[in-house]
4 protein chains.
Amino acid sequence: MARRRIDKTDAILKAAAKIFAVNGFNGAKISEIAKEAGVADGTIYLYFQNKEDILHTLFRSTLEDFVGRLKERLQQAKSPADALRIVCEHWFGFMEENVYLAHLNLVELREHISGERRKKLNEYIWPFFEIIEGIIRQGIEDGSFRPGLDIRHTRRLIFGAMDQIVASWVVSGRKYSLTALIPSTCEFIIKGLQK
Amino acid sequence: MARRRIDKTDAILKAAAKIFAVNGFNGAKISEIAKEAGVADGTIYLYFQNKEDILHTLFRSTLEDFVGRLKERLQQAKSPADALRIVCEHWFGFMEENVYLAHLNLVELREHISGERRKKLNEYIWPFFEIIEGIIRQGIEDGSFRPGLDIRHTRRLIFGAMDQIVASWVVSGRKYSLTALIPSTCEFIIKGLQK
Amino acid sequence: MARRRIDKTDAILKAAAKIFAVNGFNGAKISEIAKEAGVADGTIYLYFQNKEDILHTLFRSTLEDFVGRLKERLQQAKSPADALRIVCEHWFGFMEENVYLAHLNLVELREHISGERRKKLNEYIWPFFEIIEGIIRQGIEDGSFRPGLDIRHTRRLIFGAMDQIVASWVVSGRKYSLTALIPSTCEFIIKGLQK
Amino acid sequence: MARRRIDKTDAILKAAAKIFAVNGFNGAKISEIAKEAGVADGTIYLYFQNKEDILHTLFRSTLEDFVGRLKERLQQAKSPADALRIVCEHWFGFMEENVYLAHLNLVELREHISGERRKKLNEYIWPFFEIIEGIIRQGIEDGSFRPGLDIRHTRRLIFGAMDQIVASWVVSGRKYSLTALIPSTCEFIIKGLQK
DNA sequence: GATGAATGAGGGTTCATTCAT
DNA sequence: GATGAATGAACCCTCATTCAT
């Protein structure tokens, strides 16, 4: 029973990820998600409160998973610069494995249907931002990075650079390898922080 | 007559910029735009084909204006690094002066109601991207920037970094000065390209 | 223009009265009302806020009309007993002329979808109740009716008796004359108050 | 087995009475009734054909019970007027003891989702009406009441008066004693019939 | 008999677009 | 050209009922 419950939740989330990614949140129809998930329209409401709840759950669960794995990997980081490299690798790799999420991140995390929604979705990505900010702080402390860097501002610069690479890759139709761009992306970022 | 035509077109575009920015494309109602512009609902359809046409015209005209002014300013650039500084200043300044556009850029340029729409909207920003790419190319040629930089990839890194700063500023409710962040942003970008 | 507005409002109200009466409030579909009124579904929302607003307007306007005419007629009343006779005549006559309203009164004024709705609908009938209470008060004062009658309680007894006659007539399919029952109804009521 | 069957039937009916009373027929959810009754949703359909069947059974069984007890009590009536007093006492007392039924009577006996439903529900109250009509007939015969009274019409007047008192009491939130109103109610009714 | 997860039909409401004036 | 009343397609969500276990 519990098993089944999880199966359907997953099926719906997976279907939603696809439909949201293709059509955006507003363009996605519940009936389409249901069809894709192989359940009846009403069934969705046994597992989620409403359309928005699906989106939130999708973000939360995926990002929690992402952050959890990232933290593990980061334990092997030898330096702040190395840690940033791991972050970039992980982010790009994660996006390649979860293209739908990449779409969603691109589209919905930034969309602005109501300030409220944006705020909640932003909450879910905060743990990731905190990781980056922690690395910057450490880099400043151990002298790897310039003193005087504003932590938050710098985190935005780093995330923005990485994110734009993902966004362009998504918009391009993913015609090239994202992971191949890790070295040059990291070089730009790390150089931008040094000295 | 022609004069009047332009007046109304402008009034509608101005109204649309405001309404789109506040409510997003999907959330904006034609009737609200009409009211804000001081015309009847139906009048809008004498000047634009449909709701989407308004958005496209808005982007195109605003970005054309932006690029035109930027090009003028860039004639005084003393070096590629200086040119990038001017680009950043101009972009941030432009966003501060056109908050509505900043919102729109944040929201709609990235939204993805249909791949089709995104593609068209991206077209309008291309001239701006070409300017940045031209600066990078020049910087590589005159030795200011690292050789071996991939022009397009680098442009994305630069734009992504700048853009994230704007995005965060918008999301924050514009509670701080955007232009104050120009120096630290440029330092990150330029250092990222050097050596 | 104003004329048209009134025409449509009336057409919708008339259609709604019919559809509500036949199907009840919950059973009535907006699309049916629209069809009956000869307008598009959406047009209804240009004239009314929502389905409930139609019901309220229907009650309010009809009862206002009813009370207005009743007050005029009552000016010719020669005694409290005569006034009650006029009230009964008017109520029964009104119901015969507005069968749909009779249905509605029977059905919706009493229905209990939410306490809120009932309360509002009851408000509209209050002016009628006040008229009856005024007559009772006067009858006690001039000695026509028993002293010691509780005004409110007595009004309920009177209204209840009359109303049940209407209700039975509606339920029967209106196979007999309602006005023919005025004398016997009034006799019961007036005798019930005297001595 | 048979015993168990009755237990569950009763539990469901009792739960339904409560839920119907609070929410009305349309507003009541099968799942709520099931929860209140402590059974599964599907179980209800082992005991009743559908939602409407529950309502019918509820009315029939409750009113049968009511009429049965009333008949017993009426054997001690000393006169038609006394009998009417007993009827009123019993009706008011019954309503006070079965508030849920009072609500239901108020709401659903009169509701009119389909003429069909009303007709059936009315059937269940007929035995009560017949008792009242019998008393009137007897009163006319023994000279207690006016000759020439129309039996059916008079029954409606009596029931209407009593019922309105109950209805107002229910709507008021039952903030006062219903049984306290028996004397004045009976005085009105009996005076209305005499001479 | 009992369960409760699953079903899917049904409807109020919004709003981009049209067109008679 | 300008108006704005009218249109009607589109969609999320509820809940009575079913049926596999």
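The legends below describe close-up views of a predicted model.

**View 1. Protein residues around DNA strand F.** The residues around DNA strand F number 31, and those that come nearest are A:Tyr45, B:Thr43, C:Lys8, C:Thr43 and C:Tyr47. By class, the surface near DNA strand F has 14 nonpolar, eight polar and nine charged residues. On the DNA side, sugar or phosphate accounts for 70% of the strand F atoms within 4 Å of the protein, and bases for the rest.

**View 2. Polar contacts to DNA strand F.** In chain B, a polar side-chain atom of B:Thr43 is 2.5 Å from a phosphate oxygen of DNA strand F. The side chain of B:Tyr47 has an N or O atom 2.7 Å from a phosphate oxygen of the strand. In chain C, a backbone N or O atom of C:Gly42 lies 3.2 Å from a base nitrogen of DNA strand F. Elements giving two or more residues to the surface near this strand are α3 (41–47) of chain A, α1 (2–27) and α3 (41–47) of chain B, α3 (41–47) of chain C and α3 (41–47) of chain D. The most residues, five, come from α3(B).

**View 3. The fold of chain A.** Chain A has nine helices and zero strands, in the order α-α-α-α-α-α-α-α-α along the sequence. Of its 195 residues, 56% are buried. Among contacts in chain A between residues at least 6 apart in sequence, those joining residues at least 24 apart make up 67%. Chain A has an accessible surface of about 9,000 Å², and carbon and sulfur atoms contribute 49% of that area.

Terms used: Residues numbered from 1 in each chain as written. Chains lettered and ligands numbered in written order. Predicted model: local features only at pLDDT ≥ 70, side-chain atom pairs only at ≥ 80, totals over all residues. Heavy atoms only, no water. Near = heavy atom within 4 Å. Polar contact = N/O pair within 3.5 Å; in protein donor to acceptor, adjacent residues only side chain to side chain. Helix = DSSP H or I, 4+ residues; strand = E, 2+ residues; numbered from the N terminus. Nonpolar A, V, L, I, M, F, W, Y, C, P; charged D, E, K, R; others polar. Buried < 20%, exposed > 50% of the residue type's maximum accessible area, 1.4 Å probe, protein only. Contact = heavy atoms within 4.5 Å. Areas by Shrake-Rupley, 256 points an atom, 1.4 Å probe, with all protein chains shown as cover.
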